[in-house]
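Please look over the model below before reading the points. They go from one helix pair to the whole chain.

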Amino acid sequence: MGAAFKRFCVRFCCCCCCEDNDEEEKTPLLSHDTLEYFDREAKRRRDQETNLWSEPGDPSHSERDDDRTLYNLLQTRAQTQRGSHGYRRLSIDIEAMRDMRREVRDKWKMILENLGFMAEAESLLTVSATASYDRMRNAATARTLLHTLHTETSIFYSKEPPPERYLFILDRLIYLDAAEDFVAKARRFYPPKDDDDEEENPLAINLPLLLSRMNQNISGGEDEDDDEEDATGPED
């Protein structure tokens, strides 16, 4: 009936009620500021999922050496000409660090699924940038278990301090009374490796080397392209 009445007004009435209704319908339900907020939050979630920051609550990504190295690589690549030799080399280094972090996350996911958290694994492993130590229920116990995983298993690749993001995950597992079972599974599936095995690990990241290469890209990445062309000579 509403549509029929509107058509009647358009044909026979001189009032402007129909035009007012059209203007009201075109008024957006969400303000521009609200849309920008949702956009920022979506970008922040994608950033966390892509880079898996070791210290998720640090917006500057400067508190840990590994986070700072990855962040600097990303910033340097953003200022490098896309498609250049320097850009491609930076992309390789960035993906190497991301792959190592994804490998660790996949280990955690496999153990969680083995414990029966088939549907909940992704949610348990998701740590947002708003994660706060003040909201943790069992911070001290979670840190002790994280140290145990770091020293008594090979679930982490580096001898550097383990990523803080997994502290929040362990706190959730403690609440679910599954943390001790998780550590037991980690000991079984990922026993500790000796120093020789760690040196041969292809996923190990040499942070000083990455920083050196990043500085080389800043100072003269494009010059290397010219040197390569001079060395190979013109193509026939």
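1. Two residues are in contact here when heavy atoms lie within 4.5 Å. The model is a predicted one. By that cut-off, Ala-139, Thr-141, Ala-142, Arg-143, Leu-145, Leu-146 and Leu-149 of helix α7 touch Tyr-166, Leu-167, Leu-170, Asp-171 and Ile-174 of helix α8. Sorted by type, the residues of this contact are nine nonpolar, one polar and two charged.

2. Two packed helices are described by the angle between their axes and the distance between the axes. Helix α7 covers residues 139-152 and helix α8 covers residues 165-175. Their axes come within 9 Å and cross at roughly 115 degrees. The crossing of α7 past α8 is right-handed.

3. What should helix α5 span, at 1.5 Å a residue? Helix α5 runs over residues 85-114, which is 30 residues, so a span of 44 Å is expected. The C-alpha atoms at its ends are 43 Å apart, and this agrees with the expected span. After α5 comes Gly-116, which has a positive phi near 105 degrees.

4. How many helices and strands does the chain have? There are eleven helices and zero strands. In sequence order the pattern reads α-α-α-α-α-α-α-α-α-α-α.

5. Among contacts in the chain with a separation of 6 or more, 69% are between residues 24 or more positions apart.

6. The chain has 236 residues, and 36% of them count as buried. About 15,300 Å² of the chain is exposed, with carbon and sulfur atoms supplying 50% of that area.

Note on methods: Residues are numbered from 1 along each chain as its sequence is written. This is a predicted model: local features need pLDDT of at least 70, side-chain atom pairs count only at pLDDT 80 or more; totals for chains, interfaces and linings use all residues. Side-chain values use heavy atoms; hydrogens and water are left out. Axes are lines fitted to C-alpha atoms, for helices over the stretch in contact, and angles run from 0 to 180 degrees between N-to-C directions. Helices (H or I, at least four residues) and strands (E, at least two) are DSSP runs, numbered from the N terminus. A crossing is left-handed if the near helix is turned anticlockwise from the far one by less than a right angle, and right-handed if clockwise. Ala, Val, Leu, Ile, Met, Phe, Trp, Tyr, Cys and Pro count as nonpolar, Asp, Glu, Lys and Arg as charged, and the others, Gly among them, as polar. Buried means under 20% relative accessible area, exposed over 50%, partly exposed in between (1.4 Å probe, protein chains only). Accessible areas come from the Shrake-Rupley method with a 1.4 Å probe; for residues, only the protein chains shown count as cover. The expected span of a helix is 1.5 Å times one less than its number of residues.
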